[in-house]
Each structure stands twice: as structure tokens, then as C-alpha cells.
Amino acid sequence: MRIKSALILLSALALVAAAYVVGAQRAQYDSLAQGQRQLQLMAPELQSVLERFETLPFVLGQQSDLTYALAHPDDPQAIARLNQTLQTIQRQARVGALYLMDRSGLTIGASNWDEPLGFAGKNFRYRPYFKEAIQGRAGRFYGIGTNTGEPGYFIAQPVYRNGSAGGPIAGVITVKISLSEFEHNWRNSDEPILLADRAGVIFLANRPEWRYHSLRPLDPATQAELASTQQYMGKDITPLPHQPGPVATRGVGRLGWELALFPNQSRVVRIGVYWALATALLLVCGFASYWALHQRRRRMEEKVASARELESRIAERTHQLRETNQNLEYKYTKLQETEKMLRSTQNELVQAGKLAMLGQMAAGMTHELNQPLAAIRAFADNARTFLARGQSEQAAGNLSHISDAAARMGAIISQLKGFARKDETITQVDLARAARASAFLLESDFRHRDVSLEINTGDEQVLVAGDTVRIEQVLINLIRNALDAVEGAQTRRVCVSLDRAEGQGIVRIRDTGPGIPDDVAAHLFEPFFTTKPTGKGLGLGLAISSSIVQAMNGQLTARNRDDGGAEFEVRFPLMNEGAQE
């Protein structure tokens, strides 16, 4: 039984292999035929380009500029006229280069005379096309330019001294044609396409790694010829490392060139595999039919046993699903309880946050109202003194200041609603005026403490978008902090300056105090952090000021100055020019 099965298997494999071979051979034949058809279309196009410029050097040899320049090679005007003529014709004909050589092979004029790698002054007597043309025959050659390093097809014709054929030969005119456009077009093909010379050296290919390799090993004589003519200068011509396989070829040109196309072998393999698969499928269908008949009887016998086993498994899985469902219901209940507890905790945290914010605002309002209250007290004392002296006009001025301070207190207290909602009234604020007004409210404190206050805001308006009261609130708090900082300093001075840079209005408040300690700088803008004695501050001034500045898209920073003291910097975005106007 086993021997019979082995024989059947071997026979099936032999049939599949035979089908693959037949299918691959047929696909190979079709591919080569299709490749020949492609070459029939490509070869005439290449031949047309090669023949298009065959007569160009012959016609140029009749030009008087060429014969005159060969007769007078030392005449600069004749050489210049020659170069211009060759350059004009080269551009109109759209060829690579045109150049004229004397009998020694020295180039006396070229279309690329004004380029760094021009041919003028170069000697090409070793080139085969020159040797052919100087003998009175048309010279043709393909090679890499020894001067430019660019490959091309060279066509040369003799130039006769009297301008017509039959006389003495005075020089050789050569046209260089680039064939790189063909190579570029071939790259669109998935199949390898190449052009090789009569020695089998590949010089054009849509596979760059094939270029300047040979289809077969070169004999010593061919290698010596390539070295003497420098046809492929600097290239080590070696055979292709892997032979591509079957090839479709077609001769082209007058130099025995060979245009070759290598059909895609993956298609050949694919067709062979298709044939093998089709044969295998037929065999499998036959074996499957036989096996189905054989298995039908066995399945009938196993049907009862399978049904019983299935019932047992269904019962087991049902039990497992029931337990899993009960476990999921328990977890779902626990999840609902946890969610309820989290919602309750979240509500409590929100309520606690509201209470904390309310306490912070109340403390901040107390801190900020101390400033205008102190100003009212100072102005009231001054007014009483002025009234006692009979200076009613000065007393009226102080009473006006007291009224302004009271109005400011009302404005500050009215901000309590602003802390409770996000929408604020943003208007155009003159930062210079706000700085001067803030400093003015604290002038009496500076006089009482014998501290110098410098105001450098200039006369020009610096307009920013914000809330006037809140900006003055921030500036007053920073100026008062600077006043407290210079309390024990030897030089007691506070400077308020205004500047604009990078589209921002910048208020700088400098003091001559001891500066900001390193351990304090990290916590400077945190709520309830203060270095003042108990009863002198709640630690909310800078925290609230920072929040106010950030709410108006500004920035509040602090640093120690190199010459001593601290500097607080408040930045607000400037309004655009249209808004300022």
C-alpha cells in the first residue's frame, strides 16, 4: 500500500514538473518574440538619431570660417569668429559639441570654447574618428570624453584646404552627440535594455550597474585597443557578474552595435508556475474526489461519536459562559459603585476648590485695599494741614485725590465679580499712564520712608489690550514690594521704566535691595508664600499679580541684577498699529 502511494505521488510530481517546463518554454518563446517586436520599434528611432547628423560635419567642412581658421590659426579674430560660428550652429542643431582640429589633432576652435572644460587647445589625434577623417574618410566613434568625462557619439569629416573634396586635407571637423536621452527613456521599462559595441561592451543601459561591463570576456587584443583609444577612459571593463538569461537582439548603427532586450524572467517563471499549479489543481481535484468517496464512509461511522462529543462540549462551554456572565455582572456592579463614589468625591473636591478660591480672593482683596486706604489717609492728613494753613486750593487737590482713591477702592472691590467669571472687559490701556498713576499713588509712602522713586516712562503712548484697574493693581503691588525691599539698604532707590521690544510693552521695576534669595526664587509666585513677618503680608500679592498678567496674555518675571537688587519685569502684547491709530 505504501509503495503504491509513493508511486502515485512520484507520478504526480513528474506531471507537475513537466507542466512547469512546457509552460516556461512557451512563455520564454512568447517573451523573446515580444522583445523582438519592441526592438523593431526602438532600433529605427535610435538609427534615425545617428543618421540625422551624418551630413552635419560634411556641410560644416564647406564653411569658409573653418578653412580660413585652419589657414590662419594665429589670427585671434579668425579663431573668435570660428568659435562663435560653431557655438551658434551647435545650439541650433542641439548637439553636444562641435570642434575643429588641425592636421596634428590640436583643437583650434570649439562650440564650448567659453566653458571650463572646453575642447579648445586639446589634442585628439589618438581618437579613431580623427585617424579615419584625416585619411579622407568619415570617422565614427562612441566613447567617454577625455576632457569632460561625458560619453557621446562622435562623427568626423575631413576639411579640405580649398573647401571642396579632392584637395589637400587641412583639418577635421567633429560633432559630438549625446545618447543619454535614450537611456533615460529606457528606464521606464521593467525589462533590461542595453546597447553594446561590437566587442560586447555595454555603454548604454537602463540598469546603471550594467554600464561599462561586457556581455562576454574581452580578449587581450580588444583590451589593448580600448586602452589605446581611451574609448572608455578610466573604466575597468569586466564581464557582467551574472548572465541575464535569454536575450532578443538587433543590430543598429554603422559601428556594429547591438541593441539587446532581456525579457523579464519573472513572467516566464510565473507562467510556468501557473501551468504547474493548473496541473496540480487537476490532480488534486482527482485525488480529492477519490478521497471524498473514501472518507464518506468513515464519516458516517464517526457521525454518532462526534455528535455525542459535541453535546458534551456544548454543555461544558455553556457552564463556562454562565460562570463568566455571573463574574461580569459582579464586576459591573462594583464598577457602578466605584463610579458613584468617584462622582461624589469629585463634587466634594469642586466644592472645596470653590471655597479655597473664595478665601484666596477675600485675602487678596484685603491686601489690595490696604494700598488706597493708606493713600486716603495720607491725602487726608495733608488736606487737614493745608486747611489749617488756609491753603484751600491745595486742600481741594488732596480731597480730589481722596475721591479718586475712593473710586479706585470701589473699582477694586467691583473686581470681585471679575474673579467669579472669565469674561472681562478688555479695553485699550496706555501702559505709560498706568505706570505713572501707580507710582503717583505711592509717592507719599516713598517720601515718608525717604526712598528715591524714579519714573522713566517717556512721553510716547504704549498701548496694550487689558484692564486699566487690574494693570495698575499689579504695578502698585510690585512698586510697594520694591519699596519694602529697600527698607534696610544703604542706597534706597526704586526705578520704574517703560520700554517696547518684540511687539510687547515692558514695564521694569528695579530696586537697590538685597535681591531675591535662591531658595525664595523657586516659590516666588506661589500662593501664601511670603518672606515678610507675620501680619505684614499673606503671600498672595505676587501670585494674584501673576494670574492677572497671564489672564491678559502677559508675563511676569523676576531676576537679580548683576549690580545688586532685584528687577521685576511685566510684559503685555502691544496693540496693532491700526488699533493704536
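Is Ser164 buried, partly exposed or exposed? In this predicted model, Ser164 has a relative accessible area of 34% and is therefore partly exposed, since the buried class ends at 20% and the exposed class begins over 50%. Ser164 belongs to the loop that links β4 and β5. Although 103 residues separate Ser164 from Gly61 in sequence, their C-alpha atoms are 8.1 Å apart in space.

The two strands that flank this loop make a good starting point for the sheet around them. β4 and β5 are paired in the antiparallel sense over 8 bridges, and one of the residues involved is Ala156, whose bridge partner in β5 is Thr174. Both strands belong to an open sheet of 5 strands, ordered β2-β1-β5-β4-β3, with antiparallel pairing. At the edges of this sheet stand β2 and β3 (139–144); each has a single partner strand, so one side of each is left without a neighbour in the sheet. From one strand to the next, the twist averages 25°.

Helices accompany this sheet. Helix α4 lies across β1, β2 and β5, and runs at about 50° to β2. Helix α3, which spans residues 64–71, has Asp65, Leu66, Thr67, Ala69 and Leu70 as its buried residues. Those buried residues of α3 pack against two helices, α2 (56–60) and α4 (76–93). They also pack against the strands β1 (97–102), β2 (107–110), β4 (151–160) and β5 (169–177). For a helix such as this, the geometry is worth recalling: an α-helix has 3.6 residues a turn, so residues three or four places apart point the same way.

A further sheet is open and likewise has its strand order defined: its 5 strands run β13-β15-β16-β18-β17, with mixed pairing. Its edge strands are β13 (452–456) and β17 (555–560), each of which pairs on one side only. The twist in this sheet averages 15° from one strand to the next. β13 pairs with β15 (residues 493–501) in the parallel sense, over 5 bridges, and Ser452 has Arg493 as its bridge partner in β15. Helix α14 (residues 541–551) packs on the sheet, where it touches β17 and β18 (566–573). The direction of α14 makes about 135° with that of β17.

Attention now turns to the interior. In soluble globular proteins, nonpolar side chains tend to be buried together. Here the largest nonpolar core has 48 residues, of which Tyr153, Leu179, Leu195, Tyr232, Trp257 and Leu259 touch the most other members. Helix α1 (residues 2–52) supplies the largest share of this core, with 6 residues. Beyond residues up to four places away in sequence, Trp257 touches Leu50, Tyr142, Tyr153, Leu179, Leu195, Ala196, Asp197, Phe203, Arg250, Gly251 and Val252. Another core, of 40 residues, lies apart from the largest one and includes Phe446, Leu483, Val494 and Val507.

His213 offers a final local view. This residue lies in strand β8 (residues 213–214). Why does His213 count as buried? Its relative accessibility is 19%, and the buried class takes in values under 20%. Leaving aside residues up to four places away in sequence, the contacts of His213 are with Gly200, Val201, Ile202, Ile237, Thr238, Pro239 and Leu240.

Notes:
Residues numbered from 1 in each chain as written. Predicted model: local features only at pLDDT ≥ 70, side-chain atom pairs only at ≥ 80, totals over all residues. Heavy atoms only, no water. Buried < 20%, exposed > 50% of the residue type's maximum accessible area, 1.4 Å probe, protein only. Helix = DSSP H or I, 4+ residues; strand = E, 2+ residues; numbered from the N terminus. Contact = heavy atoms within 4.5 Å. Pairing = 2+ DSSP bridges. Axes fitted to C-alpha atoms, helices over the stretch in contact; angles between N-to-C directions. Core = buried A, V, L, I, M, F, W, Y, C linked by side-chain atoms within 4.5 Å.
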